[in-house]
Every structure is written in structure tokens, then in C-alpha cells.
Amino acid sequence: MTLNRVLQIGPLPPSLERDMREHYDVVQLNDVPDGHLDEHGAGFTAAVANSRIGVDRALMERLPSLRVIVNFGVGYDAIDVEAAKERGIAVANTPDVLNDCVADTAVGGLIDVMRRLSAADRFVRRGDWARGPFPLATKVSGKKIGILGLGRIGRAVARRLEGFGVEIAYHSRSRVDGVPYERMDSPEKLAAWCDALIVATSGGAGTRGLVSAAVLEALGPDGYLVNISRGSVVDEPALVAALTGGRIAGAALDVFAHEPDVPAELLTLDSVVLLPHIGSATHETRRAMSDLAFRNLRTFLEQGTLITPVPEI
């Protein structure tokens, strides 16, 4: 029996690569010589990509037999979903299994930046404690926390924060039923209301620059920003200007506009917590994501259906 040919786009966890190779003829895009896809692209029926690299329209055009794209990750803004829809290509992602870890990261980042834990660690390591006490930080409990994007991850963040006795409000494109939190009409109004703004919305063209200079101005010099969504959601130059100019109090950032590049101006700021996109980076969650990605791939190739199709298609 001829194995389905699968194009692997970008690095994937070893467990997922192993499962794919045990069942399919897998070719890594990085190993394909120039011109190979022009001659042999029709041989691929499936593609598995990571969230950072994705599949654009140009690549789809070189894979005329492509039937499914499986995205390793919940965010699929690196995939041209509209082009896939036009071509009848199914697209899957890996939602839900990473909600807990990403929500944990958001809350951890919030506590870190407000209580200045990372900065205090550097203070001790530098030997500065011997010269005097560490400056006072800001209390987390009892604050007003805004959540931008009250989807699965946003709601998981909110549930965790309830234990801190905080007041929660949110902004999403539409009202979320069944939650006790107030919905603000705009990101600016949410930012003006809250002490800390947690960005948990999806990426893509529809949310690019959603956290604008105006939102940061509304957040104000005593406000904090936490971003565990996508770097594209925040106007990064405006954020750098706000942080270096003291127009917001601090930020905890797990994502950036041009990863792995981080604005040099942020590297020396003690008011900023910088993380290398580790929201879902635990052994348990990455294994669950790998298993779900593989089950999507196998179910589609054997039955023509997906376990977790993206909602746009």
C-alpha cells in the first residue's frame, strides 16, 4: 500500500515526528531542494506545520493535491485560511489541551511583573541586596484586571484570577454568555478601567495592532500589560515607547512581533518580564498537543474528518 505523503513544515516535537514517520511518508520542507515541489508537489496530500511558520497561499499553489493542513498549536494565523478555504483544504489546530498552561503563564507573568520577582532575582544575583533593600512593588490581589479576548484561554485566566479577589472585566468582539464579568465596549475603555490588561485574543489580520498607542495611553503610567497571545496583537513600537518613556508601569511578554527577535530597548528594563514564547511549553501539554495533531492527521487521512477543525472553514 502506498503511504500518504506528508510535508512537514518547520520543527515539530520528536514524539509527533516519530508518530508521523511510523505511518506516513514524511518529507521535511527544509530538506527539499529548490524546484522539487514544482515537479513533485502534487504528491503531497497533507501538511503539518508549526504555528510560527505556517502555510501561505504560494506554498498551497505548489501542492495541488493538498487536502489537509494540521497546525501544531492553537494559533493558526500563519496559515492562509482564506486560501485554504478557496481550495477546499481542511485545516485543524490543537485547541483546549494547552489552555491550562497558557493561562498559568499569564497569571505567572502578571504576578512576576507586578511584584517584580524577576527583577528582585537579578537584584540578589548582582549583590545589590548588601547595599540596601529592594524597592517596593505592587500588590496583585484586589486589583482590577482586564482580559482582552475572553475565549477558552481568557476564561481559564479569569478562573485562576478569581482566587486573588480581583475584579475582572473583558472586551471581546461579542458578548460572552454565562460569565459574571462586565463587558467593555472597546479595548481603550477596558484599558482605562483596569490596573492590568491581559491580552488573550487570537492573532491574525483582524487583531493586528489591537493594543494600540491609544490603548497603552489609556492603560496609563500605573498600568501593566501581559501578552500571551500573539506579538502582532500589540503595536510593538508603541509598546517600546510606552515602556521606555514610563507611560505604562511594566509588561510581561511571552510573544513578540518578530520572534525570536526582541526589541533591544526592552532587554535592560527591569520593568519588563521577557519570556521566549513558552506559554504551552511543558512536557505534559506539548505531548497532548502532539497527540491531538497526529489524531487530526490520521483521522482525516483515514476518514476524511477532523477532530478539531478551525472555525473559519
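Asp128 counts as buried in this predicted model, because its relative accessibility of 17% falls under the 20% cut-off. Its salt-bridge partner is another story: Arg131 counts as exposed, at 66% relative accessibility. The two side chains meet with N and O 2.4 Å apart. So here a buried acid pairs with an exposed base.

That pair is one piece of a longer list, as the count of salt bridges comes to 18. Here are three of them, side by side.

| Pair | N to O distance | Accessibility, Arg | Accessibility, Asp |
|---|---|---|---|
| Arg131 and Asp128 | 2.4 Å | 66% | 17% |
| Arg125 and Asp121 | 2.6 Å | 69% | 35% |
| Arg160 and Asp100 | 3.0 Å | 25% | 46% |

Where do Arg125 and Asp121 lie? Both belong to helix α6, which covers residues 117-125, and they sit four residues apart, about one turn of the helix. Arg125 counts as exposed, while Asp121 is partly exposed.

The bridge between Arg160 and Asp100 links distant parts of the chain: Arg160 is in helix α7 (residues 152-162) and Asp100 is in helix α5, 60 residues apart. Arg160 counts as partly exposed, and so does Asp100, whose relative accessible area is 46%.

There's also a bigger cluster to look at in the viewer. Arg57, Glu61, Asp80, Glu86 and Arg87 are tied together in a network of salt bridges.

Back to α5, the helix that holds Asp100. It runs over residues 99-115, 17 residues in total, and reaches 24 Å from its first C-alpha to its last, close to the 24 Å expected at 1.5 Å a residue. Is this helix mostly covered or mostly open? Mostly covered, with twelve of the 17 residues buried. Among them are Asn99, Cys101, Val102, Ala103 and Thr105, as well as Leu110, Asp112, Val113 and Met114. Just past the end of α5, Arg116 takes a positive phi of about 60°.

Now for the strands. Which way do β1 and β2 run relative to each other? They run parallel, with four bridges joining β1 (residues 5-9) to β2 (residues 25-28). Within that pairing, Val6 of β1 stands opposite Val26 in β2. To get from β1 to β2 the chain passes through helix α1 (residues 14-23), and this β-α-β crossover is right-handed.

Terms used:
Residues are numbered from 1 along each chain as its sequence is written. This is a predicted model: local features need pLDDT of at least 70, side-chain atom pairs count only at pLDDT 80 or more; totals for chains, interfaces and linings use all residues. Side-chain values use heavy atoms; hydrogens and water are left out. Two strands pair if DSSP finds at least two bridges between them. Helices (H or I, at least four residues) and strands (E, at least two) are DSSP runs, numbered from the N terminus. A crossover is right-handed if, with the strands pointing away from the viewer, the path from the first strand over the helix to the second runs clockwise. The expected span of a helix is 1.5 Å times one less than its number of residues. Buried means under 20% relative accessible area, exposed over 50%, partly exposed in between (1.4 Å probe, protein chains only). A salt bridge is a side-chain nitrogen of Lys or Arg within 4 Å of a carboxyl oxygen of Asp or Glu.
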